[in-house]
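User: Hi! I'd like to understand how some of the labels for this model were reached. Could you walk me through the reasoning?

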Amino acid sequence: MMRATLLAMTLGLLVGCQPAEAPVPEAAEGGLTVFTGGTIHTGNPDAPIVEAVIVDSDGRIVALVPPASSDWSEDEVTRVDLKGAVMFPGFTDSHAHLLGIGQRELTLNLEGTASIDELVTRTEAELQEKAPGDILFGRGWIETGWPDARMPSAADLDQVSPDNPVVYVRADGHALVANTAALKAADIYDLTGDPPGGHVERGTDGKATGIVIDNAMAPVFQLLSAPTEDDIAIALETGARTYSSRGWTGVHNMSVGRVEAPIMARLDAEGRLPLRIYNAFDERGFDLAERRAHETDTITNRAVKLYMDGALGSRGALLIAPYSDRPETSGLELLDTDSLHNLMMKANEADVQLAIHAIGDLANRHILETFEALGYGADARWRIEHAQILAPEDVARVGALGLIASMQPSHAIGDLKFAPDRLGMDRLSGAYAWRDMLAGGAVVAGGSDAPVEVGSPLIEFYAAVARKDLNGQAGEGWHPEQALSREEALALFTSAPAFASFQEDRLGTIEIGKIADFTVFDRDLMTVPEADILDAKPVMTVIGGEIVWRAAE
């Protein structure tokens, strides 16, 4: 029965002076909630599994069973029966784009398109609903695994859309294919110079062939109507609800536009944003991160996202040596080292965390060298987003310098189908090197980069421990020794994201005093056979003690 006061009980548990089986704390106003009836993984190696978690009305964990007693009266607590399901600390996606996730749900989603023929067929079907001259926009195609063994072209799309502009963004967001009508409307069809950090692919006649990469995409995007504030709000809410339904309790939201910050705060106040959000603004939002503007109990604004280079698939990743399958290029430099140096100094003075996109080995080396030259250390908790391809001798430097590696396991099981062609076998020894990163002392925070990838915690966890594709296959050069243990994979999505967002005292493990953010799946990711991880289903998502999503019975 509840006889001790809440305050005394909490203090006793925190200092470790409780008896072997301590009483459950007395209910404060608003009562206590007990989560029990399933396996509960805490993420704390000192007490890895408990029978129950007791949460107060403020959404804080006040007791665990054991050591607390399970002797409670049903009329004194709200009991949440897990019904045999398995609870974990809240899973956080350390790198995603919330607005893009929502937009993917609301617009033409090309994810899963299996060939150029299918892309053309889908285009023809979508145009039935379009008036002459209307733009058709979609996102999510990726040519990996297509029987065509090439990217789509303007000529492919022109077959069914000679007049309506068509713009399809590749899954990685660093390239697009446009038909001739769109290329002409953007005034890049005829021969023009490439902008810094961008490239328009052209035929021997100088005409654009349809593929547009990185900074060269801007004129094409200008063809699209800018989203209204209502459009942004709907997309953000849709993205948050989609993510909570997948089992994510939090997201480190990358490349956030400054207009999104007040909209998020309003949505949160209206109860329409069921997700804990850590924002990294684009460079135009630097002042918002510096001032911590528009923060709420569940929204933190203290980081800025920079881009060093593009993506590997579109050959925009900046490499030390040329691409093996395109030796005339070594990728695109989106930020030069002088500018990086100045932005690092600015961020250090403003106490702004930097999250820097770097995929190619040269882009990553530029960050390491500049950070080291400035003498910064681990206290800054600056992050390399992706850290996909490093020269083998540079991998250990990430941890030695105190930088955080923010990596996405699903990128490896997708990219490694074409990375050998792009890089050659020799450079794969420093690619997607999660285990070597950990061995070098780096904190590795796991994410998905959705909407580039699906954005499923189950796919990401599976990719981290299996290092195989979704069919259980692994190719030459996949380096299976880089796969992680279940415990290491759990940390990637729980305690590491908490540290990477300066919130390890509040989040990341199920411990007394921390916020009650929980992810519940229908099976135990720590013990089921590897392939069965992908068959798991989310059951419940809890943020601050509140069940924000629950699967239908």
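**From values to labels**

Analyst: Happy to! This is a predicted model, and a good place to begin is G193, which sits in the loop between α5 (180-185) and β11 (198-202).

User: Why is G193 called exposed?

Analyst: Its relative accessibility is 68%. The label exposed applies over 50%, so G193 counts as exposed. As for its surroundings, the C-alpha atoms of G193 and A216 are separated by 9.7 Å, with these positions 23 residues apart along the chain.

User: What makes F137 partly exposed?

Analyst: F137 belongs to strand β8 (residues 136-141). Buried means under 20%, exposed means over 50%, and partly exposed is in between. F137 has a relative accessible area of 27%, so it is partly exposed. Leaving aside residues up to four places away in sequence, F137 touches L108, V167, Y168, V169, F221 and L224.

User: And N253, how do you know that it is buried?

Analyst: The same kind of check works here. The relative accessible area of N253 is 2%, and buried means under 20%, so N253 is buried. This residue lies in strand β13 (residues 248-256). Not counting residues up to four places away in sequence, N253 touches A96, H97, L98, M264, I277, Y278, N279 and A280.

User: What makes the pairing of the N253 and N279 side chains a polar contact?

Analyst: The distance is 3.0 Å, and a polar contact needs a pair of N or O atoms within 3.5 Å, with one able to donate a hydrogen and the other to accept it. The pair is therefore listed as a polar contact. The N253 side chain also reaches the backbone nitrogen of L98, at 2.8 Å.

User: Let's turn to the helices. Why are α10 and α11 called oblique?

Analyst: Helix α10 (residues 337-350) and helix α11 (residues 361-374) pack at an angle of about 50°, and their axes are 10 Å apart. Angles under 35 degrees count as roughly parallel, and 65 to 115 as roughly perpendicular. An angle of about 50° fits neither class, so α10 and α11 are oblique to each other. The crossing of α10 past α11 is right-handed.

User: Which residues of α10 and α11 meet?

Analyst: From α10 they are T337, L340, H341, M344 and M345, and from α11 they are H366, I367, T370, F371 and L374. The residues of this contact divide into 6 nonpolar, 4 polar and no charged.

Conventions. Residues are numbered from 1 along each chain as its sequence is written. This is a predicted model: local features need pLDDT of at least 70, side-chain atom pairs count only at pLDDT 80 or more; totals for chains, interfaces and linings use all residues. Side-chain values use heavy atoms; hydrogens and water are left out. Axes are lines fitted to C-alpha atoms, for helices over the stretch in contact, and angles run from 0 to 180 degrees between N-to-C directions. Helices (H or I, at least four residues) and strands (E, at least two) are DSSP runs, numbered from the N terminus. Angles under 35 degrees count as roughly parallel, over 145 as roughly antiparallel, 65 to 115 as roughly perpendicular and the rest as oblique. A crossing is left-handed if the near helix is turned anticlockwise from the far one by less than a right angle, and right-handed if clockwise. Contact means heavy atoms within 4.5 Å. Ala, Val, Leu, Ile, Met, Phe, Trp, Tyr, Cys and Pro count as nonpolar, Asp, Glu, Lys and Arg as charged, and the others, Gly among them, as polar. Buried means under 20% relative accessible area, exposed over 50%, partly exposed in between (1.4 Å probe, protein chains only).
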